Amino acid sequence: MFRSNQKEVFFFLGILLLAFVSRSVFIEADAPLNLTWSSSTFSDSESRAVEARNLALFGQIYPIDCDLPKTFMSPVMTGLLYPVFSLFGVGVIQLRLVSVIFSVLSIALLYFLAKSFSGQKVAFLSAFFLALSFPAMMFDKIGFLETFVVFFLLLSLFLFNKSRNGNSFALVAGSLASFCIAFLFKPTAIIFVPVLLVVLLASRKASKKPSLSQTGILAIALFVFFGIISFLDSRFFDLSGGNVPTHLAFSLFEMLRNFTIFFVNRIFFQSAVVTGLALIALLFALQEFLSKGFSASKGRLLMASWLLFGSAGLALLSYQPPRYFLILLPPLSFLAADFLISFFDSKKFSLPKLSRLAVLGFFSWLALASFAFSIWSVKFLFNSDDMTAKAITVLLLSAAIFVIGTLLFLLVKRKQGFSFGVSRKARQAILLIVLFAFLVSNLVPYFDWASNPKYTLVNSSRQLAKDIPEESVVLGLSTDCLCFETNLKCILMFYTFNNKQPFERFKPSHLLIKSGRDDKLLDKIYPNGWRNRLEFIKNYYVGRDEIGLYRVKN
């Protein structure tokens, strides 16, 4: 028994260590350019940390005295990062290490949740999937709000699930507090409210209704919380930066268009293996719910509801950057692991008709994709001189050949009388294929990034500190990223809704102007011309963007 516990602790800590190392290696490096279609990996995390930076460096929200509203755009993020920046200084490393720690803690929470729902094997595999997910590894190290939202949602579910076993008021209060913190990080967390209600319903005893006291606590607490937020918003903090109301669809056409955008989001393709397995598991969960109701497997029911409600909420948004979908990776990881372990452990594994089609489609897609990639790989190896790319391609080609060969072997065995889902050897082979495909599809792009990391963000920021005096006042929409490694007085804007002119309002000494975006904004603010008031100094190159540094003439 003791040796068994030792093994569990060893594997659990090993997964957490793997997650920490994969996220903290080259921690200052830029994220891959193909991770997302926007430039958010170079600006969004710093823009949310800028208030903590200013408090640590200048003792106030803004680095200069101005008429901007004294409200916190990211109140919880500021409260979390301010002591870190005060103790260890301001920088990209400090910001990203905090994010990495919270992402590792999220993996630990998913492990304990999965263990309580479906046992140790599912727990290990769920944590493994989330730890080595390529989009999770990349996004978690950047410091996006979504990383922190995922942690507090998992903590909320963990505590709420625990409270149903012990009927503890303290655990219910802790769960609601965790959800409220997640909401204050980003309002998109509101899509998690139905999941808490499902926990309440799924945890009832066979012939009893949910506890009226806890139902009342949940309803009253959420009502009071959202009432307080409505009163305080725009007075002490500004949650409009979450962009939820401004991107909601209100017409049928917009909803259909947004749903179309949702299904082609690149994070699903970057997590193709886990997504495919989770969708099959979702069919199982739906079938189980239809036959058993809330007496169905609690883990599948809760994670399926998280995936469905989360997807429905995100699909209503017209703005759907891949980082928003980090909130779906925990349920995807759990459902994929639960399906694989159920498939492997069952003595007699039977699929619903709809799930059979899904399984057939998934493995057919895997085979066709491998075959198509094999053809492309052969052409690439003959035409490319890049040895690193060739090595990666050979690895992928070997994976593709392995997948095709194994699937052909299974097909031949089936024609010889092999019964799908009964033979344990066949299930072992399928399990190995899936795990191998998961590792290749996630680790190959990771090592491709790690083989040649770029440091355009931190290098440009540190160069800016050398190019202008420390007492300079820098204005622009790119100051969040370029000023983060400096002690410069930077203001993240050109104008506000009152249309006051920035030169006269803030009296900046320098401007940072992103070509093709900021110059157009300045053209609107100063229709009679503004370029004659500036002197060009140099350009900085951050990711795909060219950002010009200008001195404001007296």
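The axes of helix H3 (residues 75-88) and helix H4 come within 10 Å and cross at roughly 125 degrees. The structure discussed here is a predicted model. This briefing takes up the pairing of these two helices, then the nonpolar cores, helix H6 and the residue Leu435.

**Helices H3 and H4**

- Two packed helices are described by the angle between their axes and the distance between the axes.
- An angle over 145 degrees would count as roughly antiparallel and one of 65 to 115 degrees as roughly perpendicular; H3 and H4 are therefore oblique to each other.
- The crossing of H3 and H4 is right-handed.
- On the H3 side, the residues that take part are Met77, Leu80, Leu81, Val84, Phe85 and Phe88, and they meet Gln94, Leu95, Val98 and Phe102 in H4.
- By character, the residues of this contact between H3 and H4 comprise nine nonpolar, one polar and no charged.

**Nonpolar cores**

- In soluble globular proteins, nonpolar side chains tend to be buried together.
- The largest nonpolar core of this model holds 119 residues, of which Phe85, Leu153, Met303 and Trp306 touch the most other members.
- Helix H4 (residues 92-118) supplies the largest share of this core, with 14 residues.
- Apart from this core lies another one of 20 residues, including Tyr62, Ile513, Leu522 and Trp530.
- Phe85 appears both in the contact of H3 with H4 and among the residues of the largest core that touch the most other members.
- When residues up to four places away in sequence are not counted, Phe85 touches Ala49, Ala52, Arg53, Ala56, Val90, Gly91, Gln94, Leu95 and Phe484.

**Helix H6**

- Helix H6 (residues 134-142) is mostly covered, with nine of its nine residues buried.
- The buried residues of H6 are Phe134, Pro135, Ala136, Met137, Met138, Phe139, Asp140, Lys141 and Ile142.
- The charged residues Asp140 and Lys141 are thus listed among the buried residues of this helix.
- Gly143, just after H6, takes a positive phi of about 105 degrees.

**Leu435 in helix H18**

- Leu435 belongs to helix H18, which covers residues 424-450.
- The relative accessibility of Leu435 is 23%, and buried would require a value under 20%; Leu435 therefore counts as partly exposed.
- Leu435 touches Leu125 and Phe129, not counting residues up to four places away in sequence.
- Leu435 and Val274 are 161 residues apart in sequence, while their C-alpha atoms are 9.7 Å apart in space.

Terms used
Residues are numbered from 1 along each chain as its sequence is written. This is a predicted model: local features need pLDDT of at least 70, side-chain atom pairs count only at pLDDT 80 or more; totals for chains, interfaces and linings use all residues. Side-chain values use heavy atoms; hydrogens and water are left out. A nonpolar core is a set of buried Ala, Val, Leu, Ile, Met, Phe, Trp, Tyr and Cys residues joined through side-chain atoms within 4.5 Å. Buried means under 20% relative accessible area, exposed over 50%, partly exposed in between (1.4 Å probe, protein chains only). Helices (H or I, at least four residues) and strands (E, at least two) are DSSP runs, numbered from the N terminus. Contact means heavy atoms within 4.5 Å. Axes are lines fitted to C-alpha atoms, for helices over the stretch in contact, and angles run from 0 to 180 degrees between N-to-C directions. Angles under 35 degrees count as roughly parallel, over 145 as roughly antiparallel, 65 to 115 as roughly perpendicular and the rest as oblique. A crossing is left-handed if the near helix is turned anticlockwise from the far one by less than a right angle, and right-handed if clockwise.
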